[in-house]
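Here's a walk through one protein model, strand by strand and residue by residue. Keep the viewer open as you read.

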Amino acid sequence: MLERNSGIPLDLGWVNRSCVNDQAVKGRIQDLLSSRLIHADHQAEWLARSIQCIDLTTLAGDDCPSNVARLCSKAANPLSDDLANALHIKRGQLTTGAVCVYPARIADACRGIERLGANIPVASVATGFPTGQTSLKIRLEEIEFAVQSGAKEIDIVINRELALAQKWGELYNELVKMRQACGESHMKSILAVGELCNLTNIYKASLVAMMAGSDFIKTSTGKETVNATLPIGLVMCRAIRAYNRKTGFKVGFKPAGGIRTSKDVLQWMTLMKEELGDDYLTPDLFRIGASALLTDIERNLANHADGGYFLAEEMPMA
């Protein structure tokens with residue numbers, strides 16, 4: 001059982017002296033993509049493994065009980081019975097890491113998971129997602145509502161204004177209050193990296209979020225112009241590694257936004273293994289925020305199993 005990140009007092013000296021070498025980041029990513037590829041013989045195994053790290057998500061304006069129930073069913077049985085049998089996966093053995101919905105749909109998701117008898121946490125976005133442009137009082141109340149409704153994981157958004165103005169003390173204090181509002185539920189802090197201007201700001205925001213007690217740091221809401229990219233992921237992974245070395249706490253990582261293909265997820269898993277180790281290829285420490293990714297993974301696994309390649313609209317979630 002992993003020890004939860006309890007946070008530490010804000011270390012402004014550490015934050016302020018942090019600086020990212022952009023060219024070194026670029027060079028490291030080029031090395032990963034050119035010399036650290038997963039062999040074709042092992043890709044199916046890695047893709048099946050990646051499913052358990054997906055936060056299967058719906059964040060649409062027309063979400064309703066029926067499409068949330070469908071999402072839960074897919075999360076509990078992500079592969080068709082025929083495909084699961086071909087891969088020697090027993091029914092119920094493989095699930096996604098969580099289902100993620102808006103606060104108003106948490107109760108629907110909890111009922112859907114309970115009806116299926118599955119052991120899958122319900123996650124919810126909160127704090128004025130995706131912009132965070134509401135008062136702190138309202139943001140905290142939304143967290144409390146999500147927790148009371150049954151969410152075990154809360155994806156909060158940080159105040160980008162404070163990060164851009166380098167007001168790290170104020171940002172830390174807000175996040176500590178959010179951590180307290182989450183109670184026993186895990187807090188995933190969304191940095192909205194596409195709005196933080198540069199890699200150094202992303203590194204600093206990552207440190208502050210972890211110091212405040214975040215259980216995961218997450219790249220994006222998926223609504224920004226720039227979402228999860230490998231250079232950004234590398235910077236956040238290095239922040240996670242530095243925080244672990246200093247405090248002993250392991251903080252999880254969640255890339256989100258723009259991860260749509262099997263090739264994408266294999267690259268992200270390679271990054272996690274190379275930078276943080278095998279522990280970070282489990283749902284306790286690695287999640288992928290995605291809605292369409294599972295369909296592409298299932299198509300590729302079907303191709304591996306029987307040589308057929310289905311159209312996307314032929315897959316169950318299409």
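What follows is a short tour of this predicted model, from a central strand to a few backbone oddities.

## Strand β5 and its partners

Let's start with β5, which covers residues 186-190. Four of its five residues are buried, so the rest of the structure largely encloses this strand. On one hand it pairs with β4 (residues 153-157), in the parallel sense and over five bridges. If you want a pair to click on, Ile-154 has Met-187 of β5 as its bridge partner.

β5 also runs parallel to β6 (residues 216-218), and three bridges join these two. Here Ser-189 has Ile-217 of β6 as its bridge partner. Between the two strands in the chain sits helix α10, residues 199-211, and β5, α10 and β6 together form a right-handed β-α-β unit.

## The annotated lysines

Which residues does UniProt mark as "active site"? The entry, an unreviewed one, puts that feature at Lys-218 and Lys-254. They are spread over 37 residues of sequence, yet they cluster in space, with a largest C-alpha distance of 4.5 Å. Both Lys-218 and Lys-254 also belong to the lining of the second largest pocket.

Take Lys-218 to begin with. It belongs to β6, the strand that pairs with β5. Is Lys-218 buried or exposed? With a relative accessible area of 5%, Lys-218 falls under the 20% cut-off, so it counts as buried. Setting aside residues up to four places away in sequence, Lys-218 touches Asp-155, Ser-189, Ile-190, Leu-191, Met-236, Lys-254 and Ala-256.

Lys-254 sits in strand β7, which spans residues 252-254. It is buried as well, at 1% relative accessibility. Beyond its neighbours within four places in sequence, Lys-254 is in contact with a list of residues that includes Asp-55, Asp-155, Lys-188, Lys-218, Thr-219 and Arg-287. Zoom in on Asp-155 for a moment: its side chain makes a polar contact of 2.8 Å with the side chain of Lys-254. Asp-155 is also one of the residues that Lys-218 touches.

## Just before β7

Step back along the chain to Val-251, in the loop between α11 (230-247) and β7. Val-251 is buried, with 0% relative accessibility. Its contacts, not counting residues up to four places away in sequence, include Asn-5, Met-210, Phe-216, Ile-217, Ile-240, Tyr-243, Tyr-280 and Leu-285. For a sense of scale, the C-alpha atoms of Val-251 and Gly-222 are 21 Å apart, with these positions 29 residues apart along the chain.

## Two helices worth a look

Helix α3 covers residues 43-51, and its buried residues are Ala-44, Trp-46, Leu-47, Ala-48, Ser-50 and Ile-51. What do these buried residues of α3 pack against? They pack against β1 (54-57), α12 (262-276), β8 (288-290) and α13 (293-306).

Over in α9 (residues 168-182) you'll find Glu-174. Glu-174 counts as buried, at 12% relative accessibility. Its side chain is joined to that of Arg-139 by a polar contact of 3.0 Å. Leaving aside neighbours within four places in sequence, Glu-174 is in contact with Leu-136, Arg-139, Asn-159 and Leu-162.

## Backbone oddities

Now for the backbone. Phe-129 and Pro-130 are joined by a cis peptide bond, with omega at about 5°. Pro-130 lies in the loop between β3 (122-125) and α7 (136-149).

Which residues other than glycine have a positive phi? Gln-166 is one of them, with phi near 60°, and Ala-192 is another, with phi near 55°. Gln-166 is in the loop between α8 (160-164) and α9, whereas Ala-192 is in the loop between β5 and α10. As for their surroundings, Gln-166 is partly exposed, with a relative accessible area of 33%, while Ala-192 is buried at 0%. That brings us back to where the tour began, as the loop holding Ala-192 follows on from β5.

Technical notes
Residues are numbered from 1 along each chain as its sequence is written. This is a predicted model: local features need pLDDT of at least 70, side-chain atom pairs count only at pLDDT 80 or more; totals for chains, interfaces and linings use all residues. Side-chain values use heavy atoms; hydrogens and water are left out. Buried means under 20% relative accessible area, exposed over 50%, partly exposed in between (1.4 Å probe, protein chains only). Two strands pair if DSSP finds at least two bridges between them. A crossover is right-handed if, with the strands pointing away from the viewer, the path from the first strand over the helix to the second runs clockwise. UniProt positions are given in the numbering used here, feature names are shortened, and annotations may be inferred rather than shown by experiment. On a 1 Å grid over the protein atoms alone, a cavity is a set of points where a 1.4 Å probe fits but cannot get out, and a pocket is an open set with protein on both sides within 12 Å along at least five of seven lines; lining residues have an atom within 4 Å of a point. Contact means heavy atoms within 4.5 Å. A polar contact is a pair of N or O atoms within 3.5 Å; within protein, one must be able to donate a hydrogen and the other to accept it, and residues adjacent in sequence count only if both atoms are side-chain atoms.
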